[in-house]
Amino acid sequence: MTRDGADLGARLRGGDLTVAPAVLNLVENRTPAAQPRIAALLAEVAPAALGGEAPGHVIGLTGPPGAGKSTLLSQLLAGWRARDRSVAVLAVDPSSKRSGGALLGDRARIDFDPGDRAVFIRSMAAGDRLGGLAPATRAAAHALAAAFDVVVIETVGVGQSETEVADVADTVAVVVQPGSGDALQFLKSGIMEIPDVLVVTKADLGQLAVRARRDLHAALRSLGARETAVVAVSAVPPAAGVEELLDALDAHRARGGVAARRLRARRLHALADFAEEHGSRGMRALGGRRAAERWLAEQDPGLDVAALGRGLAARAGEGG
Amino acid sequence: MRTYAGHSTAEKSNELYRGNLAKGQTGLSIAFDLPTQTGYDPDHELARGEVGKVGVPVAHKGDMETLLDGIPLDQMNTSMTINATAAWLLALYIVAAEDQGVGADALQGTTQNDIIKEYLSRGTYAFPPAPSMRLIADMVAYTVEQVPRWNPINICSYHLQEAGATPVQEIAYAMSTAIAVLDEVRPRVREELMGRVFSRISFFVNAGVRFIEEHAKLRAMAVLWDELGRERYGVTDESQRRFRYGVQVNSLGLTEAQPENNVQRIVLEALAVTLGRDVRARAVQLPAWNEALGLPRPWDQQWSLRLQQVLAFETDLLEYPDIFEGSVVMQGLVGELLAGARAEIAIVAEHGGAVEAVPYMKSALVESHRERIRRIETGELTVVGQNRFTETEPSPLTADGDGGILVVDPDVERGQKEALAAWRAARDQAAVDGALAELARVAGSDENVMPATIAAARAGATTGEWAQTLRDAFGSYRGPTGVGEAVALGDASLEDVRDEVERLSEALGRRVKILVGKPGLDGHSNGAEQIAVAARDAGMEVVYEGIRLTPAQIAASALQEGVHVVGLSILSGSHRELIPSVTAALREAGVGDVPVIVGGIIPTADVAALRAAGVAAVYTPKDFDISRIMRDIVALVSDRNGLSATSAADSRST
Ligand code: B12
Ligand SMILES: Nc1nc2c(ncn2[C@@H]2O[C@H](COP(=O)(O)OP(=O)(O)O)[C@@H](O)[C@H]2O)c(=O)[nH]1
Ligand SMILES: [Mg+2]
């Protein structure tokens, strides 16, 4: 019963955007029966099947709650649509509670024409892992990048917790609002990895935003990060900086290195799935996370996620 | 004394007003329909089902002139329930008066114009908070000089209690709102006018059935208002610091079950605002016995008016000086409320004031309401006829044919659309374009927006055009829903449901996911919020985007989010038009098989039509037990996914 997964994958490969909801419903399915179907789907959108990396630009948009990520996405979405690009948004929401339930409200901030089939927005609950990805986010991003021109993953992150999205994205944009100071501190102290693009929101707040941008710029230069663009944007009229940000994201992508990031993403995806299924016991059997990453780095770059997963399981002595 | 009126069309409402004035009514109270209140013309997609429904549609100066035809505006005291678009409606009123030869300086009345409570409760906002506050301040600054007998703003705590506020929250958020408005106005007016500005601000409060405490609340508000005038704004004239207020008594506590009991509640609530002379209300509006059923008919309104008249003319209520003078108990109560309110006002100030604190206050209200509902569900709070003493004889009141409510003619909408098209065709388009361009320029500057607004009204621009020009300049806005931040209750009543949700999620392969949607312009969000929070606490994934969505938006969300069930909430009476539109949109999006449930004010007579449109279940206020609704949802989703053998069905009977 893996045919429906393969069929969905094939349709994505053919550029059929309308299958996105069904793709998400499948990759979110945790039942054992669904796993081979998911593997079949991912196999259809793996480089081997595509004849190269999936063409979509996977962008991680991360930053503290309230920084203005969702509002900004609304503007970016309009900009991409004006450039005639299809866009999928995976809004990872951290608000889950003890009950396992979650309130997913982010899409309300993102304005789009509901009749536009080239836009797809899905909210995903991140469980109790603040700043983390939802269990199915990697597979979803991986699959959707085969059909959508842009795949954005919105996550909450401050300090170290944005690393998970960096595992998946081709380009990571960290979003901060002026006056918070956190990002500056995290950057200087090395807690935060240097982002590909740094966005200061709420530029309409005037001096505060100008200063924030200047300070971040200076901090990045002192760290030797001359490539990182710092863009100030305002999502309230008169909107500003959005075109510049779109260009900065494109420019980062154009600098290359996508193949290496995707390879790393597939390997870490396999590891995340393994950890989700086998827990800390499984990780111990692999000799710990760092050992597992080292082992993955030595594997054939042509292996897809499922194959890597089987390799990990075999190595842990649990599967075959 | 006046009855709240205005509906269907400007002609019909004009007839009604003239009739009431002939019967001796002294003022006008204008209720506008939701499109007018939110700045949309009758032909806008969002206006669907709402044109002329809960008030009169006014799309341009022609409508305003028809509405006020033959009514001498220099002798009228006119109260308008209008907020986001208040500057525009006042401009239309000024222009209509001008055409009668009446100058702006002769106009008397009130525009409600309290935008903060729109974000917190009432839902008819149009622009983001900061520019909305600027519109209000511009209006205050303009009227204090040009329309000196106008009360430009009425700070409303009424709506806060209707959204679940405790007395302390009602006092604190209203006072914080007043502070935000006055702080915004201060730099715009000459120093010596501040006392006059202060004295022009009146309040619109609520009074619940705990009428002793409610009376104490009013005394506390009077103390705080006096203090604020003296200390923060340096108002030296004592008469300018008097706490003036009008009231509508509580409607949230009025029940669908045994609706005749609402009459007792209303009378007791009226006592709260009349008992002590020192803080007696200036004007009192009473809801009707059938409040939770639908719009009241003239006879229902007459009954409420008679309640008031019995209190005023048969009892000795109005004969004594303040009967609480010297009461230690009353003083103690007032002291407690003051202490609580001061602490809460300080928290709002820490957030940066009422404008910045909107998200905080909104989630605080959702939490208070959640607590209130929990207490009713568990029986901690008695609601006679609803959760106690529920046995009843058949009611003769609801036995008549129309179900005991007023129904608005659905044809009004088509007529209004045609009339609007004719208006647009007949006006001087170049003059309108010019006036709107000037409005856009002023909006982007820091000039007062009133003169350009009045010029646009005069030129024949429409309500939708005025608002769209400002939406373009200010940005559109969706208010915070308050639900995400609402703390989960460790509620035992949800414990069983949680297990059911868990089992169903396992069987489905992913967590049960529900979309709670509010189609159209209806701002009644309480029900949707409480259902959303309860569903989350029951363990479901909940997509809730707040009010004011089109059927197409709801369908797109349902499809993209892969939800297992769609729950719609409508209280405004537009369910007949909107629910079938949503089910059609769902089918068109390819998710017609997702079950749809509906809640709100749905007259029994309409249930069959909704079911025919594909609705699986309908809930109304009498279904106050939300845990039970959650169990129904689990059963419905199980059933539709061929999983009826799971736990859901059997545990329902427990
Ligand atoms: C509170 C209230 C308000 C508050 C709303 C605050 C808020 N943010 O929600 C305020 C004061 C702002 C308000 C304003 C108005 N109101 Co009002 N309001 C009410 C009132 C008194 C109670 C509604 C309520 O919140 N109940 C508590 C909640 C928890 O109950 P509920 O929504 O019914 O939900 C329950 C069920 O229905 C069901 N349910 C509801 N939704 C859903 C969804 C799903 C998925 C499910 C499963 C179940 C479900 O489950 C819930 C639990 O039991 C009703 C009358 C009444 N007593 O019912 C009038 C009423 C709804 N309002 C009415 C009117 C006319 C107005 C105004 C137009 C008045 C005006 N001209 O200004 C404005 C319009 C505002 C707007 N933007 O739309 C009318 C509507 C008339 C009609 N249908 O024909 C009513 C019926 C009063 C009346 N008889 O005139 N109102
Ligand atoms: N002044 C201003 N406010 C903004 C801007 N962008 C977002 N906001 C506000 O910031 C708050 C948080 O925005 P949101 O997009 O939900 O943030 P997120 O949590 O990072 O996704 C909202 O109240 C927005 O209205 C901006 O450019 N200027
Ligand atoms: Mg967000």
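Which residue of chain A does the side chain of Glu545(B) meet in a salt bridge? In this predicted model, the partner is Arg107(A), and the N to O distance in that pair is 3.7 Å. That pair sits where the two chains touch, so to speak, and the rest of that contact is a handy place to start.

Let's look at the two chains together. Chain B puts 38 residues into the contact, and chain A puts in 29. Put the two chains together and about 2600 Å² gets buried, with carbon and sulfur atoms accounting for 51% of that area. On the chain B side, the residues that lose the most area to chain A are Arg510(B), Arg536(B) and Gln560(B), and this trio makes up 24% of what that side buries. The salt bridges between chain B and chain A come to three, and there are also 16 residue pairs in polar contact, counting pairs with both residues at pLDDT 80 or more.

Which parts of chain B do the touching? Five elements of chain B each hand over two or more residues to the side that meets chain A: the helices α18 (463-474), α19 (495-508), α20 (526-537) and α21 (551-561), plus the strand β10 (541-544). The biggest share comes from α21(B), which supplies seven residues. Sorted by class, the side of chain B that touches chain A is a mix of 14 nonpolar, 10 polar and 14 charged residues.

Next up is the inside of chain B. This chain splits into domain 1, covering 112-378, and domain 2, covering 492-651. Measuring aside, the computed centres of these two domains of chain B, taken over C-alpha atoms, are 34 Å apart. Domain 1 of chain B brings 20 residues to the contact, and domain 2 of chain B brings 20 as well. Between them the two domains of chain B bury about 1500 Å², and 48% of this lies on carbon and sulfur atoms. Within domain 1 of chain B, the residues giving up the most area to domain 2 are Glu256(B), Arg370(B) and Glu377(B), together 39% of what that side buries.

Arg370(B) turns up again in a salt bridge: its partner is Asp537(B), with the closest N and O atoms 2.8 Å apart. Two salt bridges are counted between domain 1 and domain 2 of chain B, next to 10 residue pairs in polar contact, again with both residues at pLDDT 80 or more. On the domain 1 side, the elements of chain B that give two or more residues are α5 (116-122) and α14 (358-378). Of these, α14(B) gives the most, with seven residues. That side of domain 1 of chain B divides into nine nonpolar, five polar and six charged residues.

Chain A has its own pair of domains, domain 1 (50-255) and domain 2 (260-319). Their centres, taken over C-alpha atoms, lie 27 Å from each other. Here, 18 residues of domain 1 of chain A meet 11 residues of domain 2 of chain A. The area buried between these domains of chain A is about 1100 Å², and carbon and sulfur atoms give 39% of it. In domain 1 of chain A, Glu53(A), Arg138(A) and Asp167(A) lose the most area to domain 2, adding up to 46% of what that side buries.

Four salt bridges cross between domain 1 and domain 2 of chain A. Glu53(A) shows up here too, as its side chain meets that of Arg266(A) in a salt bridge, at 3.0 Å from N to O. Seven residue pairs are in polar contact between the two domains of chain A, with both residues at pLDDT 80 or more. The elements of chain A that give two or more residues to the domain 1 side are α6 (137-144), α7 (163-168) and α10 (242-254). By class, that side of domain 1 of chain A has nine nonpolar, three polar and six charged residues.

Finally, there is ligand 2. It has 15 residues around it, the closest being Gly66(A), Lys69(A), Thr71(A), Asp204(A) and Ala235(A). Gly66(A) places a backbone N or O atom 2.7 Å from an oxygen atom of ligand 2, and Ala235(A) likewise has a backbone N or O atom 2.7 Å from an oxygen atom of ligand 2. For Glu154(A), a polar side-chain atom lies 3.2 Å from an oxygen atom of ligand 2.

Terms used: Residues numbered from 1 in each chain as written. Chains lettered and ligands numbered in written order. Predicted model: local features only at pLDDT ≥ 70, side-chain atom pairs only at ≥ 80, totals over all residues. Heavy atoms only, no water. Domains from an automatic or database assignment. Contact = heavy atoms within 4.5 Å. Buried area = accessible area lost by both parts, 1.4 Å probe. Polar contact = N/O pair within 3.5 Å; in protein donor to acceptor, adjacent residues only side chain to side chain. Helix = DSSP H or I, 4+ residues; strand = E, 2+ residues; numbered from the N terminus. Nonpolar A, V, L, I, M, F, W, Y, C, P; charged D, E, K, R; others polar. Near = heavy atom within 4 Å.
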